[in-house]
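Colleague: I have a new chain to look at. Can you walk me through it?

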Amino acid sequence: MATTTTTTSATCGLTSRTLLDPKAASSQIRPHSVRLPTLPPPRQTASWSHRKTASHMSRSVISMATGETPAEVSSELPEVVKTIKEAWDKLDDKYAVASLVLVGLVALWTTTGMISAIDRLPIVPGVLELVGIGYTAWFVYYNLVFEPDREALIEKIKGTYSDIIGSSS
């Protein structure tokens with residue numbers, strides 16, 4: 001059984017039939033040889049110049065798919081950048097705006113973590129769902145079922161909106 005290629009072999013002595021019938025085991029035990037194919041040689045990674053060419057080719061494929069030249073595709077980017085730059089230049093207190101954005105991102109990240117931690121607790125999500133369903137039912141009954149209550153709610157929303165936005169007159 002000597003070959004020039006490298007193979008891995010294993011022997012199996014028992015079959016399912018021999019497990020069920022012990023008398024048949026003594027007469028039928030024959031080792032079986034299992035050959036596994038050899039693995040192909042590992043692939044070599046592409047060089048840096050090949051990667052650079054591939055990214056250039058992908059850009060040309062994108063421009064061919066849109067039917068525009070690369071200059072036309074990238075011409076939209078400066079308009080967006082100009083709009084953002086104009087809005088940034090109009091701001092008086094840039095440090096305050098940057099700080100508010102940073103605080104908002106940290107608050108969003110923290111809130112997401114807290115909600116996922118609460119969601120992992122065994123009873124709390126079900127209780128919170130029941131509280132939400134109960135409050136929704138209460139709100140609908142006291143504000144939306146009867147017409148005078150609906151009109152009062154609409155007036156309250158309009159008043160809050162005008163307080164926030166300011167009156168135009």
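**Two annotated stretches and a patch**

Modeller: This is a predicted model. Start with residues 95-117, where the chain is 100% helix and 0% strand. The end C-alpha atoms of that stretch lie 33 Å apart.

Colleague: What does UniProt list for residues 95-117?

Modeller: The record is an unreviewed entry. It lists residues 95-117 and also 123-144. The feature name given there is "transmembrane region".

Colleague: How far apart are the end C-alpha atoms over residues 123-144?

Modeller: Here the chain is 91% helix. Strand is at 0%. The end C-alpha atoms are apart by 31 Å.

Colleague: In what order do the elements of the chain run?

Modeller: Count them up: the chain has two strands and eight helices. Read from the N terminus on. The order is β-α-α-β-α-α-α-α-α-α.

Colleague: What share of the residues in the chain is buried?

Modeller: Buried means under 20% relative accessible area. The chain has 169 residues. Its exposed surface comes to about 15600 Å², with 66% from carbon and sulfur atoms. The buried share of residues is 4%.

Colleague: Which residues make the nonpolar surface patch?

Modeller: The patch covers about 790 Å². Its members are Y135, W138, V140, Y141, Y142, L144, V145 and F146.

Colleague: Why can L144 count towards a patch, and how exposed is it?

Modeller: L144 sits in the loop between α7 (124-143) and α8 (147-165). A patch residue needs over 30% relative accessible area. L144 passes that cut-off because it is partly exposed, with a relative accessible area of 36%.

Technical notes
Residues numbered from 1 in each chain as written. Predicted model: local features only at pLDDT ≥ 70, side-chain atom pairs only at ≥ 80, totals over all residues. Heavy atoms only, no water. UniProt positions renumbered as here; feature names shortened; annotations may be inferred. Helix = DSSP H or I, 4+ residues; strand = E, 2+ residues; numbered from the N terminus. Buried < 20%, exposed > 50% of the residue type's maximum accessible area, 1.4 Å probe, protein only. Areas by Shrake-Rupley, 256 points an atom, 1.4 Å probe, with all protein chains shown as cover. Patch = residues over 30% accessible without salt bridge, like charges linked within 9 Å, V, L, I, M, F, W, Y side chains within 5 Å. Salt bridge = Lys/Arg side-chain N within 4 Å of Asp/Glu carboxyl O.
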